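Visitor: Mind if I quiz you on how the labels for this model were earned?
Guide: Go ahead, let's take a look.

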Amino acid sequence: KLDESRAMLEKTIVRSPIDGIVLRRHARAGESVSTQFDSPIVTLADRSSVRVRMDVDETDVARIRVGQPAYVTADAFGTRRFPGKVLRVGQLLGKKNVRTDEPTERVDQKVLETLVELEDGRDLPIGLRVRAFLGE
């Protein structure tokens, strides 16, 4: 009977496949969840590695490579630079993901999505818009 109770209790415990922080809770304590449906219980983030998606204009794609130094800045952090390196360069040009308020911005220009991994971006809130630059 005790083993049966332990087995039942074990079915009430939800474990994360990663270490991280909870960004958003989608279910409340006491609500039923099932593995039959694709509805999340929580949204998690692994903050041990912070990455930034960077759109590289089509005119600049020949100058970018994996391992290249890069950095990001954010208005909220003044002149502080968050250094990193290009982790991945996309293979397919596509439409811009982010629009700026610049009146001269070309919205029809194609971009190459590039991933930059920051050395230490823990101070940056997830989802914060940053400016990304290649070089040191």
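Visitor: How much space lies in the second largest pocket?
Guide: In this predicted model, about 480 Å³. Of the 17 residues that line the pocket, Ile13, Val14, Arg15, Val33 and Ile41 are the closest to its centre.

Visitor: What makes up its lining, by class?
Guide: Ten nonpolar residues, five polar and two charged. Arg counts as charged, while Val and Ile count as nonpolar.

Visitor: On to Thr73. Why is Thr73 called buried?
Guide: Buried means under 20% relative accessible area. Thr73 comes in at 13%, so Thr73 counts as buried. You'll find Thr73 in strand S4, residues 69-73.

Visitor: Which residues is Thr73 in contact with, leaving aside neighbours within four places in sequence?
Guide: Arg80, Arg81, Val130, Arg131 and Phe133. To make that list, heavy atoms have to be within 4.5 Å.

Visitor: What makes something a nonpolar core?
Guide: Buried residues of the right types, such as Val, Leu and Ile, have to be joined through side-chain atoms within 4.5 Å. The largest one here has 15 residues, and Ile64, Val72, Val116, Leu118 and Leu124 have the most contacts inside it.

Visitor: Which elements give two or more residues to this core?
Guide: Strands S3 (50-57), S4, S5 (82-94) and S6 (111-118). S3 gives the largest share, four residues.

Visitor: And which residues is Leu124 in contact with, beyond four places in sequence?
Guide: Among them are Val72 and Leu118, both also listed with the most contacts inside the core. Leu124 is in contact with Arg47, Ala74, Phe77, Phe82 and Val130 too.

Technical notes:
Residues numbered from 1 in each chain as written. Predicted model: local features only at pLDDT ≥ 70, side-chain atom pairs only at ≥ 80, totals over all residues. Heavy atoms only, no water. 1 Å grid on protein atoms, 1.4 Å probe; cavity = no way out; pocket = protein on both sides within 12 Å on 5 of 7 lines; lining within 4 Å. Points joined across faces, edges and corners; volume = space filled by probe spheres on them. Buried < 20%, exposed > 50% of the residue type's maximum accessible area, 1.4 Å probe, protein only.
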